[in-house]
Amino acid sequence: MRLSYPHCELDLDAQLVRRGGEEHKLSPIEASLLRHLSGCMDQVVDRYVLLEAVWGVDSDRVVSRAVDVAVCRLRRKIERDPADPEIVLTVPGAGYRLCAPPAAPPRRAHNLPPLVGRFIGRDHELRWLGEAMARNRIVVLRGSPGIGKTRLARQYAQAVVDGPAAPPGGVWFCDLSDAETEAEALGAVAWTLSVPLPAGAPPEAARRRCVEALSWRGPTLLLLDNAEGVTEAVARLLVEIGASGVKHGVLVTSQHALVGPWVERELLPLAETAARVLLSARAFEVGADLGPGGDSGTDDLVALLEGVPLALELAAAQLRSHHPRQIIERLEAGGISLPAAPALTEGRRSLRAALRLALDRLSPEQRALMLALSVFEGGAPIDGLAAVAEALGVAPSDLLVGLDKLQRASLISRGPERPPRFRLLAAVQAAAQQRATPVDLAAAHAALARWLSAAAEGWRAEAEGAAPRAAIDRLLRERANLRVAGRAMEQHDPTLSLRLTLLRAWVTELAGGEGEPPERLRAALEAWRGRVPPLQWARLALVCARRLRTVGAAAEARAALEQAIHMIEPLAAGDDAAADLLAMVLASAADAHRVVGEAGAAEALLQRALGVARGPTATARVRGTFGLLCSYRSDFDGAELHLSIAEQALSGVAAGRELAFVINSLAANAGRRGQEELARARYARARALCIELGYEAQQMVAEAGLAQRLLSAGQVDDARQHLLAALRFERASGDRRMQAFALGSLGVAAMQQGDLVEGRALLHEAQDAFAGRDRLGASQAVVLEALIDLEEGALDAGLGLVRGVLAEPARDGDLDVMAQSVAGALCAAAGEAPAAAAHFAAAAAAAVGAPRHAPLLRCLAGEPEALAAAPATAHQLVRVAARIVAQRPAGGAHAST
């Protein structure tokens with residue numbers, strides 16, 4: 001029997017532990033202990049049961065520490081950190097539990113792009129690469145641009161995929177050409193390996209997560225392409241992969257050297273014979289017949305292109321319509337500028353010459369089409385390309401013909417999307433823009449911005465309709481173009497630029513994602529004040545406030561919203577659109593006050609918002625926020641009333657996102673009232689609606705809420721699945737507040753499963769994520785940590801935590817009950833009966849406003865049958881309190897509690 005964990009493998013038949021390439025022998029007792037625990041995988045086994053099964057000792061007559069000593073020795077062999085075990089866990093007061101090995105996540109065997117054309121001219125290098133990778137874990141291919149590094153690396157990777165010894169972890173291709181910083185490089189690697197990174201994660205943590213993901217997969221081939229812009233970052237990652245102990249293979253391509261303990265080889269230009277074969281083969285593929293060398297000029301053309309594969313391929317594309325002598329004349333006639341390089345190598349000169357030939361041979365219409373293509377950052381859809389090309393003088397009838405010619409010349413590629421998107425090589429894109437006049441380039445950007453603004457507004461209307469999926473997908477595909485068009489228009493047309501920025505922010509909020517960096521939003525708020533209409537600036541302030549709150553800048557968010565209120569309030573009296581916007585801004589400001597405990601200020605703002613809201617969407621948003629405030633103040637009837645009015649306001653209105661928000665809020669309120677079945681049903685309804693319509697952000701709110709309800713019902717495994725889904729999304733989107741909620745719930749799940757070490761670690765992460773964003777959430781995580789201190793007997797530490805929470809000026813009903821109950825249990829455990837009684841009395845008084853906690857107080861008062869209706873935290877607390885009572889003499893300090 002074999003058990004495989006991320007850092008080791010247990011072979012129970014051979015009585016071996018394999019870790020980091022080394023083997024350790026298990027003693028017969030240790031192997032027998034593991035076999036017995038594995039027969040009850042993920043279940044708690046009592047020490048006395050183990051004593052009888054493994055040692056054959058009658059546990060009724062003998063008390064022995066043999067089990068604990070054997071487990072301690074075993075952990076030294078199998079655990080990454082024996083003081084923080086991950087495989088054999090201690091369940092205090094109960095026994096030991098063997099964690100089941102994690103199932104490998106479903107994945108594709110590789111993500112290699114398909115190869116096009118026959119592989120020519122690098123057979124010797126391919127054989128060398130195979131031998132080098134067999135002997136070394138890391139190999140770097142270095143060479144000038146266009147020399148064929150990527151093609152050689154991909155050819156080798158494809159051979160590995162197709163071969164009999166494909167690595168079990170798969171083959172993964174990661175393009176680093178767009179990475180300029182270490183964070184961007186590690187983000188690209190993490191994306192390739194499907195690793196969620198927390199927003200703003202330091203490089204050390206990002207590297208560790210990437211290496212852990214590789215270890216999880218097992219031996220893997222990772223291909224890091226175009227690493228020249230981030231060589232130091234890649235070198236640090238390679239060092240950490242090399243030290244991981246798992247036999248991964250990493251193949252890197254770069255124009256520059258990477259200093260480190262690995263094999264590196266520089267690719268040289270093709271030999272003359274291989275270059276001639278490559279040119280002839282590519283010419284044959286486009287229908288050109290070169291005939292014999294000599295007078296045909298082929299040999300001279302090969303010599304001029306100096307054996308650079310990309311230059312040969314670009315030149316071959318012209319041979320269908322031009323004689324080699326004509327191409328040579330063009331190559332020697334002049335030059336174009338490519339992106340600057342520290343030193344112009346022979347290979348770069350050859351590549352420049354080939355691109356010069358390719359671009360100079362274009363007709364004026366084709367050049368205009370190339371310029372139109374060059375302003376699309378995320379690929380050019382055919383409808384957008386038509387709009388931009390027409391503004392540059394390309395007739396619609398010439399568009400498809402021009403695209404076909406550019407594809408045949410290898411200057412553009414067509415993506416696999418439906419409908420298709422057309423893309424340029426980065427070097428060709430830069431060359432096309434540099435050859436354009438400033439007037440033409442400005443006209444192309446303006447045409448892109450106008451088309452994208454009008455089209456995206458239409459897609460937005462569809463996305464808010466009854467069947468939004470296709471429109472949302474289209475908006476998501478255009479996010480990169482929305483960014484580049486918005487920035488291009490900042491100086492020329494601030495109003496249009498702001499409209500595009502707001503559209504992109506709306507898309508991000510709708511479907512999730514990190515959105516614009518906070519620094520850019522702050523700069524935009526300042527730069528556009530007074531340059532754009534007040535309503536547009538207020539919309540920007542609303543977007544910025546939401547984003548700033550997710551990164552903890554709550555004070556800045558409130559300041560921006562207050563400025564927006566002063567700016568648009570005079571316009572709201574006679575303009576319904578301005579009135580609705582004012583209501584939304586007031587509601588957002590109120591919510592910002594609510595999450596930091598300023599309930600009075602929040603209510604005053606919401607009362608103002610109710611007085612100005614006109615349309616159903618604004619009304620629903622204000623009522624929904626009012627419902628959340630009531631719920632946090634334990635006014636559950638008021639919350640239900642406001643949220644029901646919001647739901648009714650949206651009936652018959654195509655506003656699925658707002659409806660999902662309201663249903664999630666109704667579900668949360670039902671849960672806080674103790675109506676568990678209703679809460680689960682509402683969360684499930686919101687989740688199904690979001691999945692149908694594509695609203696990922698609200699879907700993850702529903703996932704997290706549904707998980708919390710499952711935790712209350714004791715369905716820990718099901719809850720963890722929903723929480724992990726929510727956590728993956730929230731880490732990718734950068735919403736730290738939702739991350740904190742998911743982490744805290746995972747901490748509760750770990751506590752319920754008896755893993756207090758993991759529970760405390762998760763609660764610490766939750767407190768960090770809540771800090772500055774949601775004081776009530778952070779306080780709740782602190783109380784839960786105090787509960788762990790209670791279970792572990794660290795009474796002074798626990799009392800310090802919970803008294804700090806009780807000293808805070810404003811709390812909600814749930815938090816009051818939890819904090820007072822935990823304080824009472826801690827005082828009782830410390831023998832302070834009067835203080836315990838006072839805390840439990842305070843908890844009972846607070847439970848009047850938080851009825852779902854009433855069973856907790858009844859349990860503590862001596863009615864254990866009430867436990868069935870208690871929430872998850874109550875189960876944990878009552879179990880602790882019951883053990884404390886059992887360990888005290890009758891009539892002692894706990895009898896009255």
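Okay, let's start with E478: setting aside neighbours within four places in sequence, E478 is in contact with P381, R421, L452 and W459, where contact means heavy atoms within 4.5 Å. Before I go on, this is a predicted model, where local features need pLDDT of at least 70, side-chain atom pairs count only at pLDDT 80 or more, and totals for chains, interfaces and linings use all residues. Residues are numbered from 1 along each chain as its sequence is written, and side-chain values use heavy atoms, with hydrogens and water left out.

So where is E478? In the loop between helix 19 (469-477) and helix 20 (479-488). Helices (H or I, at least four residues) and strands (E, at least two) are DSSP runs, numbered from the N terminus. E478 is buried, with a relative accessible area of 0%; buried means under 20% relative accessible area, exposed over 50%, partly exposed in between, using a 1.4 Å probe and protein chains only. Its side chain makes a polar contact with the side chain of R421, at 2.8 Å. A polar contact here is a pair of N or O atoms within 3.5 Å; within protein, one must be able to donate a hydrogen and the other to accept it, and residues adjacent in sequence count only if both atoms are side-chain atoms.

W459, from that contact list, brings us to the aromatics. How many aromatic pairs does the structure hold? Just one. It is W451 with W459, edge-to-face, 6.1 Å centre to centre and 80 degrees between the planes. Rings of Phe, Tyr and Trp (its six-membered ring) pair if their centres lie within 6.5 Å; planes under 30 degrees apart are stacked, over 60 edge-to-face, the rest tilted. Both W451 and W459 are buried.

Now the sheet. This one is open, with five strands in the order 9-10-11-8-12 and parallel pairing; strands pair if DSSP finds at least two bridges between them. Strand 9 (171-175) and strand 12 (263-266) are at the edges with a single partner strand each, so one side of each has no neighbour in the sheet.

And strand 11? Four bridges join strand 10 (residues 221-225) to strand 11 (residues 249-254), with L223 opposite L251. Strand 8 (residues 138-142) pairs with strand 11 over five bridges, and L141 has T253 as its bridge partner. Six of the six residues in strand 11 are buried: G249, L251 and T253 on one side, V250, V252 and S254 on the other.
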